[in-house]
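Work through the exercises below with the sequence and the structure side by side. Each task is followed by a solution that goes step by step.

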Amino acid sequence: MTRQGGPDDTDRMIDALLDQARATPRDMPEGLAARMLRDAYDEQAARRDAVPVTAPARQAVRGWRPGLWRQFLDAVGGYPSVAGLASVAVFGVFIGINTPDLLTQGATTLGLTTASTDLYMVDVASVWDDLAAEQ
């Protein structure tokens with residue numbers, strides 16, 4: 001399947017279709033605006049008359065405060081945020097435990113460096129060259 005014309009032809013065709021659509025305005029069906037306004041006013045009235053959500057009964061007791069864990073969860077954004085904080089903490093411990101010798105070993109294993117070179121001499125660009133040569 002071949003495509004005729006270039007990007008300029010496609011842009012011109014789209015512009016012509018949009019101009020044609022603008023040239024033939026559509027009128028609203030009879031009574032549509034009145035029905036839309038009536039529905040909007042009904043929805044506003046229903047929301048205004050709705051009963052607000054009340055707090056649990058135990059919070060109505062004078063002097064009641066949420067526990068420390070609940071306050072922490074509310075402060076950081078709930079359980080998803082706590083899960084993210086835990087993941088970051090575990091990763092921080094992992095980085096803190098690993099010594100530079102382990103990092104050098106890993107770079108040697110991946111073939112980024114040899115045992116005789118220092119880690120700062122790692123040439124990461126050579127990996128991209130190898131990947132490009134495979135294609």
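**Exercise 1.** Determine whether Arg-48 and Asp-49 are buried or exposed, and state how far apart the closest N and O atoms of their salt bridge are.

*Solution.* Begin with the surface: in this predicted model, Arg-48 and Asp-49 are both exposed. Then turn to the contact between the two side chains, where the closest N and O atoms of Arg-48 and Asp-49 lie 4.0 Å apart and form a salt bridge. As a general background to such contacts, side chains of opposite charge can pair when their charged atoms come close.

**Exercise 2.** Find the residue with which Asp-19 forms a salt bridge, and explain how the two residues are placed along helix 1.

*Solution.* The first step is to identify the partner, which is Arg-22, with 2.9 Å between the closest N and O atoms. The second step is to look at the helix: Asp-19 and Arg-22 are three residues apart in helix 1, which covers residues 7-23, and therefore about one helical turn separates them. The last step is to consider accessibility, where Asp-19 has a relative value of 45% and so counts as partly exposed, while Arg-22 has 60% and so counts as exposed.

**Exercise 3.** Describe the salt bridge between Arg-70 and Asp-74, and classify each of the two residues by its relative accessibility.

*Solution.* Start with the distance, which is 3.8 Å from N to O where the two side chains of Arg-70 and Asp-74 meet. Next, place both residues in helix 4 (residues 68-76), where four residues, or about one turn of the helix, lie between their positions. Finally, compare the accessibilities with the cut-off, since exposed means over 50%: Asp-74, at 52%, is exposed, whereas Arg-70, at 39%, is partly exposed. A search of the whole structure finds five salt bridges, and the pair Arg-70 and Asp-74 is one of them.

**Exercise 4.** Name the residues that form a nonpolar patch on the surface, and say which helices each supply at least two of its residues.

*Solution.* The patch is formed by Trp-69, Phe-72, Tyr-79 and Leu-85, which together have about 450 Å² of accessible area. At least two residues of the patch come from each of helix 4 and helix 5, the latter spanning 79-97. Take Phe-72 as an example: this residue is located in helix 4, and its relative accessible area of 36% makes it partly exposed.

**Exercise 5.** State which element has the lowest mean pLDDT and which has the highest.

*Solution.* For the protein as a whole, the mean pLDDT is 77, with 67% of the residues reaching 70 or more. Among the elements, helix 3 (residues 57-60) has the lowest mean, 57, and helix 2 (residues 32-49) has the highest, 91.

Key:
Residues are numbered from 1 along each chain as its sequence is written. This is a predicted model: local features need pLDDT of at least 70, side-chain atom pairs count only at pLDDT 80 or more; totals for chains, interfaces and linings use all residues. Side-chain values use heavy atoms; hydrogens and water are left out. Buried means under 20% relative accessible area, exposed over 50%, partly exposed in between (1.4 Å probe, protein chains only). Patches are made of residues with over 30% relative accessible area and no salt bridge: like charges are joined within 9 Å, nonpolar side chains (Val, Leu, Ile, Met, Phe, Trp, Tyr) within 5 Å. Accessible areas come from the Shrake-Rupley method with a 1.4 Å probe; for residues, only the protein chains shown count as cover. pLDDT is the predictor's confidence in each residue, from 0 to 100.
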